[in-house]
Structures are given as C-alpha cells and as structure tokens.
Amino acid sequence: MSKNMLGIKSIGIYLPENRIDNVARAKEFDRSEDFIREKVGFVSLPRIDNLETTSDMCVKAWEDLQKRVCVDLADIECLVLCTQNPDNYGLPHTSAIIHEKIAAHTNMAVFDISLGCSGYVYSLNVVTSFMAANGMHKGLLFTADPYSKVIDPKDYVTDLIFGDGATCTYISDDPVYKAGKTLFATDGTKHRAIAVDGETGQLGMSGQDVFKFTMKVVPKQIAACLEANGLSKEDIDLVLLHQASRYIVDNMTKKLKFPADKVPFISQKTGNTVSSTIPMMLADQILDQHKHILLSGFGVGLSWATSILIKNMSEG
C-alpha cells in the first residue's frame, strides 16, 4: 500500500444527552425565535455535566466507532487528540489519559494537537503524514472541545452557539477516503477575535470580526484548493463547512456559488462543536458514494484550512 493511501475508514461520534433549549432561552437575551433559527441556527445545544471530562467524551466516541466498524486496538500505532480544552489544564496531555481509559498498549505514539475550528482538517493531515513517515498503518484521531468549560453563560454571542461533542476517526491504510492536496493559513494578528480572557477564564468572541474574516479569506482558499487538486466546482459532490453558525454557512454558500443542496447546515441540534463539526457531519456520509468531498474549517487563531477528500475506489 502506498504512503498516500492512509485515510479515513470510519468515524465515531459522541453527543451528551444533557440539552439546552436555545429557543426557550432566546428571551433571556432579548432575542427572537427567528434569530435563533435563521441566524444562529442552533435550536438546542448538547452540554456535558460538571463531572464529565474531555477524555470521557473521547472514550464514548471511541465506543461509538467500535459499533460502526471492526477495530482491533492491538493494531493501533498512533493516538492523537485535537483539543483546546484538555483535562487538568493539559498536563499531562489528555491523549495519554484517553490511552489509559481505553486500555491501549504501550507501543504507540500518543500526543495532543492544540487547534480549534480548523483543527480537523489540520489534524487529519498531521496524523496521516506522521503515520506515513513512520511506516504506520492504523491510528485514531480524536476531536473534543467542550467550550462549556469556558463559556460565560451571560454572553449570548457564545452561549447560544457552542455545543459539546467529540469524535473518533479511524485512520487506516485501507481507507474509504484519503485527503488530496490541502491548503493551510493563519492570521495571528487577529487571534483576539476568539479568545479566552486570561483574568476571567471565560471565552470572548467578536462575531462581526469573525464573519468578515470568514467571508474574505475562506472562499479564496477554497478556490485555490480546487485548482491545486485539478478540480472544478462541478466535480465536488459535497461541501462540509465548519458549522460556525447558520448565518455564516448560508452566506458562505452564496459567496461560493455552490448549489445549496451540496452545502448542508445540519447542526441545528448539535451546535458549533469546534473541531468536531466536520467529522460529525462526515460520519453520516462515510458510506455514501461521494467521489469528492470538500472540507473547510475556519475560526480560532484565526486559522483556516481546506482539503478535498477523494473516494478510494478500490476500498473494500
């Protein structure tokens, strides 16, 4: 199997049972039901309880993965977590805690990646490249960013948007999808647009700044990524954009001039789960016959990344 054949075999997901009803809460923030449904887009949000940790969430995503596909833990050579809300302030790295909880063997690479909304696209490339360089064949990529740990419940800009969730992607040398050419970008001068205040420990976000940034830079990168992969818009069967909000996804769809049915907004009951939004959507598409799927993550950093997933026609 050639090195570039490492890719996605299957994806497990986890969403907490505890829910916040955004429609019911709209009046608390002097907002209408239409604002929730048409602008924010998230009618309910999953939230972890006070005792649930990031590693707990990942273990439940791992358990869901095992229901979807046969995974022999003895074959796993790499375990990576993408998160910016780790257990125990990130010391030790949360992936090591997951490693213990799932009773994995010791002869594997285990590490964390700190990225937010662009994290899945970045991490997928980091993990597959790392594995290829070291002759590995099977790996696990987790995403989990429970922003409820840092949200100010009085701030509607964040409290009505972010949900808690986790995913576990099975990376294999017998994939369903492999990534094509991927483009990455960062504008660190705008890192304050989405950031945790060092004094309060709470998340703040400038929604207008994020929206303007997204509309300006992401469509250009998507166009460049299509060109880099030798593809046109017509070649793309599905576009999975980071589910920042309904307003952003709808406006991005118009700017990109993709047919609306190719660019779903399907996170009404999951919210913006940060690095988990793209794999959560992809989990339900993995067995469909899409030849090319475009992924684009954008946000915290400010960071953005776009990739094309290519169906492995010899899979199975």
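**Close-up views of a predicted model**

**View A.** Valine 150 counts as buried, at 13% relative accessibility (buried is under 20% relative accessible area, exposed over 50% and partly exposed in between, with a 1.4 Å probe and protein chains only). The model is predicted, so local features need pLDDT of at least 70 and side-chain atom pairs count only at pLDDT 80 or more, whereas totals for chains, interfaces and linings use all residues. Residues are numbered from 1 along each chain as its sequence is written, and side-chain values use heavy atoms, with hydrogens and water left out. Valine 150 belongs to the loop between strand 6 (138-144) and helix 6 (156-159) (helices, H or I of at least four residues, and strands, E of at least two, are DSSP runs numbered from the N terminus). Residues up to four places away in sequence aside, valine 150 touches Asn85, Val196, Gly201, Gln202 and Leu203 (contact means heavy atoms within 4.5 Å). For one of these partners, glycine 201, the separation from valine 150 is 51 residues in sequence and 6.3 Å in space, C-alpha to C-alpha.

**View B.** Helix 3 (residues 54-68) packs with helix 4 (residues 94-101) at an angle of about 50 degrees, their axes being 9 Å apart. Helix 3 is therefore oblique to helix 4 (angles under 35 degrees count as roughly parallel, over 145 as roughly antiparallel, 65 to 115 as roughly perpendicular and the rest as oblique). Axes are lines fitted to C-alpha atoms, for helices over the stretch in contact, and angles run from 0 to 180 degrees between N-to-C directions. The crossing of helix 3 and helix 4 is right-handed (the near helix is turned clockwise from the far one by less than a right angle; anticlockwise would be left-handed). Helix 3 contributes Thr54, Ser55, Asp56, Cys58 and Val59 to the contact, and helix 4 contributes Thr94, Ile97, Ile98 and Lys101. By class, the residues of this contact between helix 3 and helix 4 are four nonpolar, three polar and two charged (Ala, Val, Leu, Ile, Met, Phe, Trp, Tyr, Cys and Pro count as nonpolar, Asp, Glu, Lys and Arg as charged, and the others, Gly among them, as polar).

**View C.** Proline 92 follows a cis peptide bond from leucine 91, with omega near 5 degrees. Proline 92 is placed in the loop between strand 4 (78-82) and helix 4. A cis peptide bond also runs from glycine 301 to leucine 302, with omega near -10 degrees. Leucine 302 is in the loop between strand 13 and strand 14 (303-311).

**View D.** Helix 7 and helix 8 pack with their axes 10 Å apart and at an angle of about 40 degrees. Helix 7 is therefore oblique to helix 8. The two helices, 7 and 8, form a right-handed crossing. On the side of helix 7, Val210, Phe211, Thr214, Met215, Val218, Pro219 and Ile222 meet Tyr247, Ile248, Asn251, Met252, Lys255 and Leu256 of helix 8. The contact of helix 7 with helix 8 comprises 10 nonpolar, two polar and one charged residue.

**View E.** In helix 8 (residues 246-256), the buried residues are Ile248, Val249, Met252, Thr253 and Leu256. Viewed down the axis of helix 8, these residues fall within an arc of 130 degrees, so they line one face of the helix (the arc is that of the directions from the helix axis to the C-beta atoms). The cover over the buried residues of helix 8 includes helix 7 (207-228), strand 12 (238-241) and strand 13 (292-299).

**View F.** Lysine 257 comes after helix 8 and has a positive phi, near 65 degrees. Its place is in the loop between helix 8 and helix 9 (277-283). Lysine 257 is exposed, with a relative accessible area of 68%. Valine 274 is likewise in the loop between helix 8 and helix 9. Phi of valine 274 is near 60 degrees, a positive value in a residue other than glycine. Valine 274 counts as buried, at 0% relative accessibility.

**View G.** Glycine 180 occupies the loop between strand 8 (177-179) and strand 9 (183-186). With 19% relative accessibility, glycine 180 counts as buried. Apart from neighbours within four places in sequence, glycine 180 is in contact with Asn229, Ser307, Ile308 and Ile310. Alanine 185 is found in strand 9. Not counting residues up to four places away in sequence, alanine 185 touches Tyr122, Gln221, Leu302, Ser303 and Trp304.
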